[in-house]
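What follows is a walk through one protein chain and its ligand. Keep the sequence and the coordinates at hand while reading.

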Amino acid sequence: MGSAGRDAHAAPASPTPPRHPYAGSVIVHLNGSLIESRLATVSVFDRGFLFGDGLYEGLRAFGGRVVGMDRHVERLRAGLAEARIDWDAARLKDLTDELLAANGLRDAFIYWQVTRGTPPPGSPWRARVPAHGSIPTILGFCYATPTVDSHQAPAPRRVITVRDTRWLRGTMKSISLLGSVLAAIEAAEAGTDDAILIRDGVVAEGTSSNVFVALRDASGRPRLATPSIQSAPILAGVTRDILIDRVPSCEVRTITADELAAADEVMLVGTLTMVASVVEIDRVPVGDGAPGPAASMLLGVLREVIGSEQSATPLAGVLGRVSG
Ligand code: PLP
């Protein structure tokens with residue numbers, strides 16, 4: 001298991017946030033301890049490293065409050081149960097507050113990874129069936145991201161479609177991301193921003209986002225739709241779920257690649273993406289090739305939810321909660 005991080009190296013009380021989100025040494029949360037990233041180590045025999053045997057969560061805080069925290073906890077809890085990794089996902093809440101406070105951040109992306117850990121001494125390192133007694137490795141880090149007010153309009157994205165060759169357990173947020181890494185590389189090599197994955201003629205999702213489409217039904221009426229979990233192995237994105245709840249007219253169903261190609265608008269939604277507008281698919285403009293009203297509406301709804309979560313429970317101020 002990742003040993004360092006359980007003990008020494010307490011975080012400085014009030015570190016200066018780095019000027020660039022990825023610059024300098026940040027404070028990470030490793031196995032219950034706050035520790036500088038340059039000092040944090042994990043065993044080379046960790047099953048996350050050797051097998052990709054673990055799950056992750058990506059969360060976003062605005063003004064110090066995490067959007068949809070309960071939904072993230074529930075998704076991780078369900079994934080851990082399916083993976084048979086024994087860790088209490090509810091701990092995400094306190095650990096996230098501690099991590100944000102230690103890094104002096106209120107607007108941030110927060111990454112958590114839970115691996116099955118390292119086999120206990122005397123157990124084989126590469127046995128597929130895990131030995132009893134391994135302790136999960138828990139790693140969290142965060143970095144500064146734009147405030148909610150900087151998301152005024154949907155960002156335009158150009159994408160290609162790529163055959164979805166990933167595994168079938170799409171609802172598990174597995175750290176084994178080679179399938180989506182390869183799709184993202186293909187998109188970059190094609191000079192585009194992202195890929196939309198298509199499985200057997202059916203729309204799945206983006207490489208790190210869910211898809212929404214604005215289209216017309218047989219009688220020409222405008223409709224909003226997003227792929228159902230049953231139609232393709234996709235992640236039940238927290239952003240997707242929030243938008244489905246807030247826009248009850250949104251259809252949740254199978255969406256074909258032909259519908260995608262004919263859509264008036266196509267959107268990508270996710271924790272980091274927020275709501276992006278796909279303006280081009282496979283070099284062909286979507287609609288008039290510019291972000292449209294459905295994308296603006298979805299972004300407005302999401303911003304409203306973020307705003308209401310921030311005002312629902314006045315922020316006591318995560319800063320200083322850990323060190324105080
Ligand atoms: N689909 C995939 C494959 C993802 O990796 C992600 C986010 O990382 C999403 C969808 C969006 O999920 P969320 O809204 O929870 O960020």
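Helices and strands here are DSSP runs, at least four residues for a helix (H or I) and at least two for a strand (E), numbered from the N terminus. Counted in this way, the protein chain has seven helices and 15 strands. The model is a predicted one. Of the 324 residues in the protein chain, 40% are buried. Contacts between residues at least 6 apart in sequence are mostly long in range, as 73% of them join residues at least 24 apart.

Begin with strand β1, residues 27–30. In a regular strand, side chains alternate between the two faces of the sheet. In β1, Ile27 and His29 point one way, Val28 and Leu30 point the other way, and all of them are buried.

Which strands does β1 pair with? One partner is strand β2 (residues 33–36), which is joined to β1 in the antiparallel sense by four bridges. Ile27 stands opposite Glu36 of β2, and Leu30 stands opposite Ser33 of β2. The two strands form a hairpin with two residues between them, where Asn31 takes a positive phi near 50°. Another partner is strand β6 (residues 135–144), which runs antiparallel to β1 and is joined to it by two bridges. Here Leu30 stands opposite Leu139. Leu30 thus has a residue opposite it in β2 and another in β6.

Turn next to the interior. In soluble globular proteins, nonpolar side chains tend to be buried together. The largest nonpolar core in this model has 71 residues, and the members that touch the most others are Val213, Val266, Met267, Val275 and Leu298. Both domain 1 (27–145) and domain 2 (155–309) supply at least three residues to this core. Val266 serves as an example of the contacts involved: leaving aside residues up to four places away in sequence, Val266 touches Val211, Val213, Leu260, Val278, Ile281 and Val286.

The ligand remains. How many residues surround the ligand, and which are the closest? There are 13 around it, with Gly237, Val238, Thr239, Gly270 and Thr271 the closest. Helix α5 (residues 238–246) provides the largest share of this shell, three residues. What is the make-up of the shell by class? Nine of its residues are polar, two are nonpolar and two are charged.

How values were computed:
Residues are numbered from 1 along each chain as its sequence is written. This is a predicted model: local features need pLDDT of at least 70, side-chain atom pairs count only at pLDDT 80 or more; totals for chains, interfaces and linings use all residues. A residue is near a molecule or strand if its C-beta atom, placed from the backbone, lies within 6 Å of it. Ala, Val, Leu, Ile, Met, Phe, Trp, Tyr, Cys and Pro count as nonpolar, Asp, Glu, Lys and Arg as charged, and the others, Gly among them, as polar. A nonpolar core is a set of buried Ala, Val, Leu, Ile, Met, Phe, Trp, Tyr and Cys residues joined through C-beta atoms within 7 Å. A residue is buried if 20 or more other C-beta atoms lie within 10 Å of its own, exposed if 12 or fewer, and partly exposed in between; C-beta atoms are placed from the backbone. Domain bounds come from an automatic or database domain assignment. Two residues are in contact if their C-beta atoms, placed from the backbone, lie within 7 Å. Two strands pair if DSSP finds at least two bridges between them.
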